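Trainee: I'd like a close look at just one part of this fold, the sheet. Could you walk me through it?

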Amino acid sequence: MQVGEKRSWQRTFTEEDIRLFASLSGDEGVHHLVPDERGRLMAHGLLTATLPTKIGGDMNFIAQELTFQFHRPVFAGDTIACDVALVAVEPAEGFTNVVSQWTCRNQHGKEVMTGRARGVIRKSS
């Protein structure tokens, strides 16, 4: 693990994903349950935020701080690609301090979300 290392992942959000997340989170805002005038159902910002957290999970990253900036909405049917880069890696006793930043873009290449995370990865015993 070193500064500059990058990891990526993408997924397409479905109406079922959005409805399940609404039920699980309790966020049942009308924009998540009723299609807009163009027939689109808007995904929750925190559902979109599962992309960089999935990558963090692959690294066994334990978050201490997460910052998200939501730039445009994500709708059912959108495919979102997330690129995460390590910007700081500092070994410590029993763990490694890690800072990452990410950019998520829709299928049209438009930024939908950016952010940053700070946390640790425990060393294997």
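Trainee: In what order do the strands of the open sheet come, and is the pairing parallel or antiparallel?

Mentor: Quick caveat before we dig in: this is a predicted model, where local features need pLDDT of at least 70, side-chain atom pairs count only at pLDDT 80 or more, and totals for chains, interfaces and linings use all residues. Residues are numbered from 1 along each chain as its sequence is written, and side-chain values use heavy atoms, with hydrogens and water left out.

Now the sheet: its five strands (DSSP runs of E, at least two residues, numbered from the N terminus) go E1-E3-E4-E5-E2, with antiparallel pairing. To count as a pair, two strands need at least two DSSP bridges between them. At the edges sit E1 (6-12) and E2 (61-70), each pairing on one side only. From one strand to the next, the twist averages 20 degrees.

Take the E2 edge: nine bridges join E2 to E5 (residues 111-122), and the two run antiparallel. Ile 62, for instance, has Val 120 in E5 as its bridge partner.

Now look at what lies across the sheet. Helix H4 (residues 50-58; helices are DSSP runs of H or I, at least four residues) lies across E1, E2, E3 (79-92), E4 (95-105) and E5, at about 130 degrees to E1. That angle is between N-to-C directions, on a scale from 0 to 180 degrees, with axes fitted to C-alpha atoms, for helices over the stretch in contact. Contact means heavy atoms within 4.5 Å. Beyond its neighbours within four places in sequence, Cys 82 has contacts including Trp 9, Leu 51, Ile 55 and Trp 102.
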